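Q: Please take a close look at the charged side chains of this model, beginning with the salt bridges and then turning to charged residues that are placed otherwise.

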Amino acid sequence: MLNKNAITIERHIIDQQERHPGATGALTRLLHQIALSSKMITHEVRRAGLLDILGDAGHTNVQDEDVQKLDVIADEVIYRNLDHAGVLCCMASEERAKMIPIPSQFDCGKYTLAFDPLDGSTNIDANVSVGTIFSVHRKISPGERGTEEDLLQPGYKQVVAGYVVYGSSTIMVYTAGHGVQGFTLEPSIGEFLLSHPNIRIPKRGKIFSVNMGNYHYWTKGVQKYVDYLTTPDKEGKKPYTSRYIGSMVADVHRTLLYGGIFMYPLDMKDPKKPRGKLRMLYEAAPMAKVIEQAGGLATNGTESLLEIVPRDLHERTPLFVGSYDDVMEVGEYIKKYDAEKA
Ligand code: AHM
Ligand code: MG
């Protein structure tokens, strides 16, 4: 039996809408459709070990049917749940090179959606947590249909941002600009229930999260910072411990709950072409919005991730997100050691 105090995501979203008397309900509908998509993706992810689902796109299963990769399935689920809802004017997905228009037979709405349907999907064969990331902006271009201009807006203008972790349970975390709420999927009734109200990230943490295999490709500032985190202090104590799943949604979710820092720094392997890995629009910006709404900080090492205006849909960026003090501190190392190269 459901506790009478349990708050479903539907009720929570409607309560929020009622606080804004002029609201049309479009955002409510959009969040409903995202929650619905994540329930459907949960269903697919939970079957990931089964023969028909696993394997690369383009392969065939035992019945000689085409096998689709889970990230392709997740992309299709989100697209199909939102193309006809009348709330979006266009979409962008990690899975698709170009902007996704709303088909001409459907009405356009006043929002855009950028999403990573299944982040960390290279881990899926090992049963490691994966996630969906989403970012919503308000349409700014004058015409009826959406354009890239509507998607290429800075992160601070996001109306809604969030993610879903498909882990030991499915958790959806989102912000609509008034704090961060987390909902856990109760599988027996298929409802997301408010399990983490008003999440606040600790001001400083004790965990750092980064792919240490890339150490030699980082800038000096990042190397010095990680050296500092891993070197015992004068009393022989090592204040930080390391955790790296390699699935950003899971790594950021842990960072949000426990504090600390998650980083994907600039890669200097080819010094002429330094590059970040994570994508601004549907990976970095929404995570930055969630972290900052919870009281943390998100930068590219030198500037706020939320201030950056992406120039193309799949632009990449270095990323440092987490507890306010920890992200400030890495910024000080970068300023001190890398400034002359910037
Ligand atoms: P993807 O969008 O292709 O799944 O790549 C993004 C993922 C993130 O989830 C994760 O933080 C990162 O790539 C891991 O990269 P690496 O294996 O280089 O550490
Ligand atoms: Mg991704």
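A: In this predicted model, a search of the whole structure finds 14 salt bridges. One of them joins the side chains of E329 and R204, with N and O 2.9 Å apart. This pair connects distant parts of the chain, since E329 belongs to helix α8 (residues 324–338) while R204 sits in the loop between β8 (191–196) and β9, 125 residues apart. The two partners differ in exposure: E329 is buried at a relative accessible area of 13%, whereas R204 is partly exposed at 39%.

A second salt bridge, between R254 and D251, has an N to O distance of 3.1 Å. Here both residues lie within helix α6 (residues 248–258), three residues apart, or about one turn of the helix, and both R254 and D251 are buried.

In a third, E315 pairs with R311, and the closest N and O atoms are 3.4 Å apart. E315 is buried, with a relative accessible area of 12%, but R311 is exposed, with a value of 68%. Elsewhere, D75, E76, R80, D83 and R96 are joined into one network by salt bridges that share partners.

Against these pairs, K289 in helix α7 (residues 280–293) offers a contrast, for K289 is buried yet has no salt bridge. The nearest side chain of opposite charge belongs to E292, 8.3 Å away, and a salt bridge would require the side-chain nitrogen to be within 4 Å of a carboxyl oxygen. What K289 does have is a polar atom of its side chain lying 3.4 Å from the backbone oxygen of Q158. Leaving aside residues up to four places away in sequence, K289 touches G155, Y156, Q158, A161, T175 and L306.

Helix α7 also contributes to a metal site, through E283. The magnesium ion (ligand 2) is coordinated by E94 (OE), D116 (OD), D119 (OD) and E283 (OE), at 2.0 to 2.2 Å, and in sequence these donor residues follow the spacing E-x21-D-x2-D-x163-E. Because D116 lies in strand β3 (residues 111–119) and E283 in helix α7, this pair ties together parts that are 167 residues apart in sequence. Both D116 and E283 are buried.

Note on methods. Residues numbered from 1 in each chain as written. Chains lettered and ligands numbered in written order. Predicted model: local features only at pLDDT ≥ 70, side-chain atom pairs only at ≥ 80, totals over all residues. Heavy atoms only, no water. Helix = DSSP H or I, 4+ residues; strand = E, 2+ residues; numbered from the N terminus. Buried < 20%, exposed > 50% of the residue type's maximum accessible area, 1.4 Å probe, protein only. Lys, Arg positive; Asp, Glu negative; His and termini not counted. Polar contact = N/O pair within 3.5 Å; in protein donor to acceptor, adjacent residues only side chain to side chain. Contact = heavy atoms within 4.5 Å. Donors = N, O, S within 2.8 Å, 3.2 Å for Na, K, Ca; no water.
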